[in-house]
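Student: I have a structure open at the bench and would like to talk it through. Could you help me read its sheets, helices and core?

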Amino acid sequence: MENINAKYVSQKISKTRWRLVSHASLQQPDVFATGSWDNEVNKISFWSIGNHGSSDMDDGFEGDPQLLCEHKHDGDVLDLQFLDQDRIVTTSSTGAVTIFRLHQNSQTISVAQRWPRAHGFPCENAPCTGVVCSSPEIVTVGEDGKIIVFRADQEGVIRVIENADSSTIHAVTYLRTTEILTVNSIGQLKLWDFRQQSNAPSQILSLSGDRVPLHCVDRHPNQQHIVATGGQDGMLCVWDVRQGSTPFSLMEAHSAEMWEVRFHPTNPDHLFTCSEDGSLLHWETSTSSDMPSFLQGGRNNSMISRSAMAPAGGNQSLINAWLSGDSSKGRLETTHMLPSQTLSVNSLDVLGQCLVCGTDGEAIFVNRQVPV
Amino acid sequence: MEEVDVEPTVTNIPAASDGKHLGFAWGPGDILVYETLYKGSDAKGSGCSFIHEVRKDEDIYSPILRKLFNESHHIFVGLQTIREDLPSKNKKNQFVSISKNYRSVIRACMEELQQVAVSTKEAAVATQYGNQVSILLAIELIWNLCEVLFIDAAPAGSLLLHLLDWVRLHKADVDEKAREVLQSESPAEHRDYWDVVVSYVLQGRLEEARQMLVKQAALQPAARSMYKLIDTLLSRMPFYNPGGNQTLTEFDVKWRHWHDEVNRCLQDNSFASNRHLEIICKILAGDEDTLLEHKELLSTWYHFLVTRLLFSHPTVKPTELHYYAQSCLTMFLDSRSVPEPLDNILLAAFEFDIHQVIKDCSIALNNWWFVAHLTDLLDHCKLLQSHNLHFGSNLREFLLLEYASGLFTHHSLWQLAVDYFDHCPEFGHVYLELQIERVPLDTERKALKVLRICDQRQMSEQVRSICKIMAMRALRNNRLGSALSWSIRAKDAAFATLISERFLQDYCTRGTFSDLDLIDNLGPAMLLSDRLTFLGKYREFHKLYGEKRFGEAAKLLLSLMTAKIAPRSFWMTLLTDALPLLEQKELKGGFCCFECSGDLLGRPNPRADVLFRGAHLLPERLSARLTEDLAG
């Protein structure tokens with residue numbers, strides 16, 4: 001808990017993302033972007049925490065995020081993702097999709113490209129709720145139930161799947177280079193294969209029981225069939241999209257909506273979730289069976305976990321630890337990472353040993369020594 | 001009607017022509033003003049078609065002050081959850097540290113405002129920020145004094161030490177001057193040198209005074225004995241040590257001893273040849289006239305008060321403070337006859353009149369932030385008598401409600417206000433209910449957050465109303481899935497029925513279902529409303545039929561008809577669906593169709609009549625089969 005610094009920034013943060021670092025270098029990330037919401041004038045901002053390889057942290061102000069530059073944004077920033085080192089894509093509550101370019105030398109931001117009414121209803125705006133990109137392709141989803149594919153340097157739209165969903169699509173992620181996964185507000189995961197011309201999903205998965213809206217989704221970085229989702233009831237579900245249409249394990253994580261779930265990109269035994277109830281949880285799983293029981297210090301709650309289905313028989317060691325989800329054997333540990341009583345944590349991102357998150361209390365928290 | 005404490009300020013509405021009458025309407029935090037059509041006798045000029053919004057509190061829109069609101073909200077919530085069962089000593093320490101937290105937040109804000117005020121190029125911004133800095137300075141001064149007197153409630157002895165700290169904290173220019181002097185080539189000959197030395201003495205910083213004097217002593221070897229004497233006096237002044245084992249009486253005796261020694265030096269004229277050292281000695285003796293001669297160095301009457309107490313009555317008791325305060329104020333302000341609001345507030349604090357302090361601050365400041373938080377903290381320290389107001393509940397709750405209502409008008413800070421309402425036991429819930437419905441809902445995500453707030457507080461009325469708004473919007477944009485998910489959230493059966501009817505209408509007009517992904521996967525939500533159940537089951541019937549599982553399909557259709565959950569308009573469709581099934585040999589329940597068709601015609605069950613009619617309604621090729629069925 002001592003490693004986490006709060007910075008008050010006078011804007012409610014809806015999304016925050018680390019700028020990508022090249023895999024070759026072992027550098028820790030140093031720049032992150034944030035988007036605000038619910039302001040009269042919303043902004044996207046870039047912040048720097050100063051990347052130092054050394055770990056002398058005696059001075060409390062070191063690591064305090066410094067504002068590099070910011071730019072006005074029309075409407076709430078509902079989602080944000082880095083396209084490459086210099087460009088980010090944002091989606092807005094007005095239905096617009098914008099690409100901003102950060103000019104490193106002059107520390108300014110300019111609008112590189114904009115699709116003002118990408119998502120929309122016939123007579124009013126439809127917020128564009130999620131974006132995922134794999135340069136130069138950009139895929140967005142919105143409250144109008146459409147999936148739209150853009151290319152970063154082309155004006156028009158490449159493909160639109162109209163009426164992909166009768167309810168709001170909350171988030172989207174890539175499963176493979178030609179397949180995406182969306183989650184919607186009636187609790188379904190849908191797989192879409194872009195190689196097919198039809199406008200129907202190739203697979204639909206959902207929870208049996210109540211149709212709880214799902215708000216976030218993330219794919220395991222190494223094993224493309226494992227996906228984690230979080231929804232309105234704060235349950236963390238881990239799915240295997242190859243097998244069956246119901247989740248493998250369900251874990252009670254939070255007491256309110258879960259806004260974001262992220263696997264650690266290089267160390268996928270670690271998972272992070274954040275929620276409207278103001279908590280940010282660090283989940284750690286391990287495949288070895290003789291793990292010590294619980295971490296020392298800090299606040300540590302082992303969450304109840306239920307397996308929806310027993311893991312399919314066969315070689316136990318090949319089954320991913322997330323799919324077993326059995327915390328009673330001490331294989332799953334969770335730690336709270338924030339001081340208690342913050343307002344909703346809307347977004348988090350983790351890269352290397354650095355974690356950044358933004359809250360409705362207009363604060364950004366940066367932790368530079370996440371134990372992964 | 002109470003009298004007005006101060007004259008109300010006048011705000012001119014620009015662009016409103018002379019002589020026109022203005023109308024107005026109160027808002028939650030502002031007034032809307034407009035020109036009426038009424039023309040007075042000397043009205044001239046054309047009408048103005050604008051509506052003006054007059055806002056009292058601009059501070060919540062200042063980006064730097066927003067940090068103050070957010071951070072103090074965090075501290076406030078933490079304060080409310082302090083456990084009641086702690087022993088009072090621990091609690092006092094906790095309250096003091098919370099008070100220090102609040103103050104450090106104020107200071108941080110002040111520093112940032114100061115930085116911007118200094119570096120900006122726009123004069124208007126610089127003035128505005130400069131004003132805010134001085135207001136925050138005053139606020140912190142008052143808060144610090146309240147912490148010393150009320151929360152920490154230091155007894156005699158430590159009281160003066162705390163007051164000394166308080167004065168030192170708010171008089172930072174001494175250090176600046178000292179730095180300047182020390183950095184010069186010959187500090188002892190700097191023109192401000194003696195000012196610095198005297199200021200140190202006035203603040204009771206005798207060690208530093210001695211160090212400065214050493215430099216002067218080095219320059220005047222002839223007067224070495226005098227400098228030695230003053231050094232001795234300065235070093236031997238006793239300071240009370242609260243943690244030590246010396247009682248107050250013992251300290252008092254020691255101090256009087258030392259005081260007598262100082263007086264003796266004065267009477268002996270030991271410093272007669274050096275004017276500066278004589279002044280210092282007189283100050284040490286607590287001579288009021290000498291103190292008053294140094295008004296510019298003291299700059300405030302409360303500095304004068306503390307210095308005077310330090311050198312004449314260091315064991316002052318809290319209850320005696322106000323005598324000294326009043327007399328010091330009078331002595332200090334001779335040219336200006338009227339004390340400023342800040343002076344009155346501080347005086348009220350010295351008199352331990354908490355209510356007067358709060359009242360004066362409420363009038364002087366345009367924002368409830370300070371009084372609300374301070375009152376809340378004092379209330380937790382059990383320092384406020386339950387002072388019931390003519391209206392509403394107690395003072396603390398009143399101030400918190402006012403503050404939070406002001407926050408609620410802000411497009412972003414309304415979320416903070418929710419927590420404040422939560423901790424107002426009597427009226428907070430009602431205020432929240434009224435305000436939360438007025439938050440504009442542009443996106444689903446915002447609606448979800450508002451709903452979560454309502455859910456956590458069992459405000460089911462508001463949940464229903466918000467879900468209905470969102471569901472209607474979704475319906476208008478033809479997002480039937482969204483609309484359904486909102487009605488599931490609100491458990492709104494009536495709306496679910498409405499949505500199902502839309503689906504069924506679509507089916508009737510188009511012949512196929514839209515949004516199959518929704519209907520196929522309704523799950524337990526189907527049970528929310530009869531119509532919805534029918535929709536789900538009907539779709540299931542279609543699926544069974546498509547898979548050529550006619551037996552099960554027929555059974556399902558039958559159960560749909562018998563259960564009578566189908567809307568009337570749909571019975572024809574059901575019957576039509578039944579036709580191909582009747583061709584299948586397995587079906588035996590054909591006569592049930594007649595019950596339905598009988599109702600369709602509005603008559604109870606006249607078989608004969610129906611048979612006749614039935615023959616017309618149903619295609620010819622099947623009436624034989626039906627007759628067969630009836631007969632057998």
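Student: In what order do the 4 strands of the open sheet with strands 1 and 27 of chain A run?

Tutor: Good place to begin, and do keep in mind that this is a predicted model, where local features need pLDDT of at least 70, side-chain atom pairs count only at pLDDT 80 or more, and totals for chains, interfaces and linings use all residues. Residues are numbered from 1 along each chain as its sequence is written, chains are lettered from A and ligands numbered from 1 in the order written, and side-chain values use heavy atoms, without hydrogens and water. Strands here are DSSP runs (E, at least two residues; helices are H or I, at least four), numbered from the N terminus, and two of them pair if DSSP finds at least two bridges between them. The pairing in this sheet of chain A is antiparallel, and the order is 1-29-28-27.

Student: Which strands of that sheet stand at the edges?

Tutor: Look for strands with a single partner, because one side of each is then left without a neighbour in the sheet. In chain A, these are strand 1 (4-8) and strand 27 (345-351).

Student: What is the bridge partner of Leu348(A) in strand 28 of chain A?

Tutor: Strand 27 of chain A runs antiparallel to strand 28 (residues 354-359), and 6 bridges join them. For Leu348(A), the partner in strand 28 of chain A is Cys357(A).

Student: Which residue of chain A touches both Leu348(A) and Cys357(A)?

Tutor: Contact means heavy atoms within 4.5 Å. Leaving out residues up to four places away in sequence, the residue whose contacts include Leu348(A), Cys357(A), Val345(A) and Phe272(A) is Leu280(A).

Student: How many residues does the largest nonpolar core have?

Tutor: A nonpolar core is a set of buried Ala, Val, Leu, Ile, Met, Phe, Trp, Tyr and Cys residues joined through side-chain atoms within 4.5 Å, with buried meaning under 20% relative accessible area (1.4 Å probe, protein chains only). Leu280(A) and Trp166(B) are among the residues with the most contacts inside the largest core, whose count is 204 residues.

Student: At what angle do helix 19 and helix 21 of chain B pack?

Tutor: Axes are lines fitted to C-alpha atoms over the stretch in contact, and angles run from 0 to 180 degrees between N-to-C directions. Angles under 35 degrees count as roughly parallel, and helix 19 and helix 21 of chain B are therefore roughly parallel to each other. Their contact includes Trp414(B) of helix 19 and Ile453(B) of helix 21. The axes are 12 Å apart, and the angle is about 5 degrees.

Methods
Angles under 35 degrees count as roughly parallel, over 145 as roughly antiparallel, 65 to 115 as roughly perpendicular and the rest as oblique. Buried means under 20% relative accessible area, exposed over 50%, partly exposed in between (1.4 Å probe, protein chains only).
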